[in-house]
2 protein chains.
Amino acid sequence: MDFDPTIHPHRRHNPLTGEHVLVSPHRNKRPWQGQTEQPQSTDLLQYDPNCYLCPGNARAGGHQNEAYEHTMVFVNDFAAVLPSPGPAAPPEPHHLLKAEPVQGGCDVIIFHPRHDWTLAQLPIPDIEHVIEQWCAVYTKRGAEDGIKYVQIFENKGSLMGCSNPHPHGQVWSLSEIPSEPAKEIESQSRYASRTDLPRSDAPKGPGGRPNLILEYAYFEVSLPRDEGRVVLKNEHWVAVVPWWAVWPYEILLTPYHRHIPSILHLTREEKGAFAAILSQLARRYDNLFSCSFAYSMGIHQLPTPTAPADADGEYSDIHLHLHFYPPLLRSASVRKFLVGFEMLAEPQRDLTPEQAAAKLRACDEVHYLDRPSHLRECLHES
Amino acid sequence: MDFDPTIHPHRRHNPLTGEHVLVSPHRNKRPWQGQTEQPQSTDLLQYDPNCYLCPGNARAGGHQNEAYEHTMVFVNDFAAVLPSPGPAAPPEPHHLLKAEPVQGGCDVIIFHPRHDWTLAQLPIPDIEHVIEQWCAVYTKRGAEDGIKYVQIFENKGSLMGCSNPHPHGQVWSLSEIPSEPAKEIESQSRYASRTDLPRSDAPKGPGGRPNLILEYAYFEVSLPRDEGRVVLKNEHWVAVVPWWAVWPYEILLTPYHRHIPSILHLTREEKGAFAAILSQLARRYDNLFSCSFAYSMGIHQLPTPTAPADADGEYSDIHLHLHFYPPLLRSASVRKFLVGFEMLAEPQRDLTPEQAAAKLRACDEVHYLDRPSHLRECLHES
Ligand SMILES: [Zn+2]
Ligand SMILES: [Zn+2]
């Protein structure tokens, strides 16, 4: 019997985390017995007087938003971490009960004045403003005393617990490197020091070392378009449903032509291509199930702009990339739950990453709300 | 400034996984701005003619349930894995794209004929029947050719994507050890080989070696009741909100008096105490927010009954325990979302594990539905 990844259950390895995902492609046809969700409303005002992110409106704590024209940044009123100085590390109550104080700050970045837009509707120059703001906050926070890590992310949609549709993201800056990037940094360093790898034409990292993400991205873009997992690519960036994806329509977005440690290392042209592919991806996502597509996305890069990234630095093998983790599975109202076996043992998926990539490739890039109404088809559970 | 874990943001280390959780205790008072949930209905029939798990009813694929009196087991009609023999491992398309075939089986265990009951309502002898059925399936599946791991779990509540309230759990048996238990097994082995640990009176594992979970449980039960994280304990078992809990009311349930590799190693008395504490915990959970409390729970133990567990075996340092991962945060309609920063960087919680344990300790053990109606208070968001 020959192994067929579209038929036979198997596990795939994630080289960034060292963990696995169980793939059950034979199960794609099972009837949906789980809970269904209320799709998010797309009937929104351009300006909402009750939105605490709209220009000129009041926020918590008596602040008032400026009449901003592009983006706006403010410190989160309910930040998960507080500025330094903080207390010294406590004595350990027991050798198994370890705690360390954490300091830092949490910022909110409003992407645009329009309450009813998302990355899918924003004109490319406006997405470029968002990228510039990401660069500015990353630079500012990364230079603060004691900050060792800056996480830029966006949490979009009520399915992800985000109740305000006004386009915005967050930046949490911390005095420690969190668990998930720590694993990825270690994997990237270990890969870069491997001497047993087959020869490859992929772009190399500093010191001519192999680079995990560049090697993977190069392999994907070298495959015929209908064979691999590439959804979108342009001159500088590629969006791929990674081999090891856990979420049905998970995306890894990365520059693939040269080693780039952080968003501050992007040329102007690479930034333009970044804005363009973000826009294209957001429109395909929305078109997949004709809804405002929920996700959490974030940027993984050099922990801070001042982290040692020269050829022999601890962080020299990190390559800039973004993860998109969207929960929808079959339609605007059927989501994936990561529960049960997946919490206790291992993530599991039915749809293969190749099938997911094919579905996203088949999506139009004209946003479904911009089509003549008689052409707007609503994709239902099939 | 002295570190105060009820005020200062900090990170805690999970010695079972090696990962961290960010704790933000100062943030407990922030207003809830996220999405709210529909509480699950408790207005259920004792027998539901439309339920595919009720006695005598039809299941998918033309099967009919027996008129079972206690528990019933059947093979899942849409199993995530298929029985062996499977295909041989495929050739690798690239050294970063690793896949291995997986075989196995998925069983459903119905806990009781009553459609409207959960572990919180089941009489203790009926919970003992469930434990016996777990033992039987673990034994049977663990003896099958090529099976290396048996995961017993329960996924309860529509919040966890489970649409059928009829009390039931699942067992997935696989030809590989999944990621999460693999991490925990490694941590337990590594801990057992440590020679730098302070002397402790905690019960030891095989060969007199220190045991991670026994050491931790022993420390918790030795603390004054209102200081630690113990919610419930009896002669043999303890339920604790672990120091490193990610979910607001997460519980680690484990026998704490002697080293026990699996449910097959429990004495009759230890099984009785297991049934009793499961019942108590389920009632406290339901009483916390006066609702049927959703969770995923599962048993971590020796991967299979035949896995080498003698003093020098690969798995000899595993100690039986259960994890309960419930999503509710503040009320029957406000859940925690593990999204954004938590997916990209690190899990985060506001309520400390000590505060969660205190709230669960304060809950009554008389089930809220069994109280006179004028004493049934509905806990709302405060
Ligand atoms: Zn990453
Ligand atoms: Zn465990």
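Reader: What makes Glu184(A) count as buried?

Author: In this predicted model, Glu184(A) has a relative accessibility of 3%, and since buried means under 20% relative accessible area, Glu184(A) counts as buried.

Reader: How do you know whether His323(A) is buried or exposed?

Author: The same kind of comparison applies: the relative accessible area of His323(A) is 4%, and because the cut-off for buried is under 20%, His323(A) is buried.

Reader: Which residues coordinate the zinc ion (ligand 1), and what makes them donors?

Author: The coordinating atoms belong to Glu184(A), through OE listed twice, to His300(A) through ND1, and to His321(A) and His323(A), each through NE2, at 1.8 to 2.6 Å. Donors are N, O and S atoms within 2.8 Å of the metal, so the range of 1.8 to 2.6 Å meets that limit. Along the chain, the donors of the zinc ion (ligand 1) follow the spacing E-x115-H-x20-H-x1-H. The pair Glu184(A) and His323(A) links distant parts of the chain, 139 residues apart, with Glu184(A) in helix α2 (residues 179-192) and His323(A) in strand β12 (residues 321-325) of chain A.

Reader: What coordinates the zinc ion (ligand 2), and why is the pair Glu184(B) and His300(B) said to tie parts of chain B together?

Author: The zinc ion (ligand 2) is coordinated by Glu184(B) (OE, listed twice), His300(B) (ND1), His321(B) (NE2) and His323(B) (NE2), at 1.8 to 2.6 Å, and its donors follow the spacing E-x115-H-x20-H-x1-H. Glu184(B) lies in helix α2 (residues 179-192) and His300(B) in strand β11 (residues 295-300) of chain B, so the pair ties together parts that are 116 residues apart in sequence. Both Glu184(B) and His300(B) are buried.

Reader: How do you know what area chain A and chain B bury between them, and which residues of chain A supply most of it for any three?

Author: The size of an interface is often given as the accessible area lost when the parts come together. Here chain A and chain B bury about 7,400 Å² between them, with 68% of it on carbon and sulfur atoms. Arg11(A), Leu96(A) and Leu344(A) supply 11% of the area that chain A buries against chain B, more than any other three residues. The contact takes 85 residues from chain A and 85 residues from chain B.

Reader: Why is the pairing of Arg11(A) with Glu100(B) called a salt bridge?

Author: Side chains of opposite charge can pair when their charged atoms come close. The N to O distance between the side chains of Arg11(A) and Glu100(B) is 2.7 Å, and because the limit for a salt bridge is 4 Å, the pair qualifies as one. Between chain A and chain B the count is 4 salt bridges, and there are also 34 residue pairs in polar contact. The largest share of the side of chain A that touches chain B, 5 residues, comes from α2(A), and by class that side has 47 nonpolar, 24 polar and 14 charged residues.

Reader: What makes Glu144(A) partly exposed and Lys140(A) exposed, although their side chains meet in a salt bridge?

Author: The salt bridge between Glu144(A) and Lys140(A) has an N to O distance of 3.8 Å, which is within the limit of 4 Å. Exposed means over 50%, and partly exposed lies between that and the 20% limit for buried; Glu144(A), at 29% relative accessibility, therefore counts as partly exposed, whereas Lys140(A), at 55%, counts as exposed.

Reader: How do you know which partner is buried in the salt bridge of Glu132(B) and Lys271(B)?

Author: The side chains of Glu132(B) and Lys271(B) meet at 3.3 Å, N to O, and they link helix α1 (residues 124-142) with helix α4 (residues 268-288) of chain B, 139 residues apart. Lys271(B) has a relative accessible area of 16% and is therefore buried, while Glu132(B), with 41%, is partly exposed.

Reader: Why is Glu354(B) called buried, and what does Glu354(B) touch?

Author: Its relative accessibility is 19%, so Glu354(B) counts as buried under the 20% cut-off. Glu354(B) sits in helix α6 (residues 353-361) of chain B and touches Arg12(B), Arg229(B) and Trp243(B), not counting residues up to four places away in sequence. A polar contact of 2.9 Å joins the side chains of Glu354(B) and Arg12(B).

Key
Residues numbered from 1 in each chain as written. Chains lettered and ligands numbered in written order. Predicted model: local features only at pLDDT ≥ 70, side-chain atom pairs only at ≥ 80, totals over all residues. Heavy atoms only, no water. Donors = N, O, S within 2.8 Å, 3.2 Å for Na, K, Ca; no water. Helix = DSSP H or I, 4+ residues; strand = E, 2+ residues; numbered from the N terminus. Buried < 20%, exposed > 50% of the residue type's maximum accessible area, 1.4 Å probe, protein only. Contact = heavy atoms within 4.5 Å. Buried area = accessible area lost by both parts, 1.4 Å probe. Polar contact = N/O pair within 3.5 Å; in protein donor to acceptor, adjacent residues only side chain to side chain. Nonpolar A, V, L, I, M, F, W, Y, C, P; charged D, E, K, R; others polar.
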